[in-house]
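The following note is offered to a colleague who has the model open. The points are numbered so that each can be checked in turn.

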Amino acid sequence: MTKRMVATIAGLGLLATTMTACSTLVGAGVGAGTGAAIGAGTGYGAGKGALIGTGVGAAAGAIYGATKK
């Protein structure tokens, strides 16, 4: 194999990984924002709400990504 072919294969592998993880990252971001807003509104604390929302959002995004393939 040439260096160019190996680089192409590695690049395509990274692209596929990025596309697969996209829903997980979006879910984590949306969950963090939502959790912070709910935590601040309820008096629980924006930081704690953001942490919980990140975990829940990432899990939901991963499940969504796995089922929509």
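1. Is V56 buried or exposed? The coordinates under review are a predicted model, and in this model V56 has a relative accessible area of 55%. Because the threshold for an exposed residue is over 50%, V56 counts as exposed. The residue is found in helix α2, which covers residues 46-67.

2. V56 also belongs to a surface feature. Together with Y44 and I52, V56 forms a nonpolar patch on the surface. The accessible area of these three residues together is about 310 Å².

3. Y44 deserves a second look. In addition to its place in the nonpolar patch with I52 and V56, Y44 has K48 lying over the face of its ring, at 5.7 Å from the ring centre. As for contacts between rings, a search of the whole structure finds zero aromatic pairs.

4. The overall fold may be described briefly. The protein has two helices and zero strands. Helix α1 comprises residues 3-42, and helix α2 comprises residues 46-67. Of the 69 residues in the protein, 17% are buried. The protein exposes about 4,900 Å², and 75% of this area is supplied by carbon and sulfur atoms.

5. S23 is a useful residue at which to inspect the model. It is found in helix α1 and has a relative accessible area of 19%. Since buried means under 20%, S23 is classed as buried. The side chain of S23 reaches the backbone oxygen of G61, at 2.9 Å.

6. S23 may also be viewed together with A66. These two residues are 43 residues apart along the chain, and their C-alpha atoms are separated by 9.2 Å. A66 has its place in helix α2, whereas S23 is in helix α1. A66 counts as exposed, at 56% relative accessibility, while S23 is buried.

7. A further pair to examine is G27 and A60. G27 is found in helix α1 and, at 15% relative accessibility, counts as buried. G27 and A60 are 33 residues apart in sequence, yet the distance between their C-alpha atoms is 6.4 Å.

8. In checking the figures, the reader may wish to display two sets of residues. One is the nonpolar surface patch of Y44, I52 and V56. The other includes the contact from the side chain of S23 to the backbone oxygen of G61 and the C-alpha pair of G27 and A60.

How values were computed
Residues are numbered from 1 along each chain as its sequence is written. This is a predicted model: local features need pLDDT of at least 70, side-chain atom pairs count only at pLDDT 80 or more; totals for chains, interfaces and linings use all residues. Side-chain values use heavy atoms; hydrogens and water are left out. Patches are made of residues with over 30% relative accessible area and no salt bridge: like charges are joined within 9 Å, nonpolar side chains (Val, Leu, Ile, Met, Phe, Trp, Tyr) within 5 Å. Accessible areas come from the Shrake-Rupley method with a 1.4 Å probe; for residues, only the protein chains shown count as cover. A salt bridge is a side-chain nitrogen of Lys or Arg within 4 Å of a carboxyl oxygen of Asp or Glu. Helices (H or I, at least four residues) and strands (E, at least two) are DSSP runs, numbered from the N terminus. Buried means under 20% relative accessible area, exposed over 50%, partly exposed in between (1.4 Å probe, protein chains only). Rings of Phe, Tyr and Trp (its six-membered ring) pair if their centres lie within 6.5 Å; planes under 30 degrees apart count as stacked, over 60 as edge-to-face and the rest as tilted. A charge sits over a ring if NZ of Lys or CZ of Arg is within 6 Å of the ring centre and within 35 degrees of the ring normal. A polar contact is a pair of N or O atoms within 3.5 Å; within protein, one must be able to donate a hydrogen and the other to accept it, and residues adjacent in sequence count only if both atoms are side-chain atoms.
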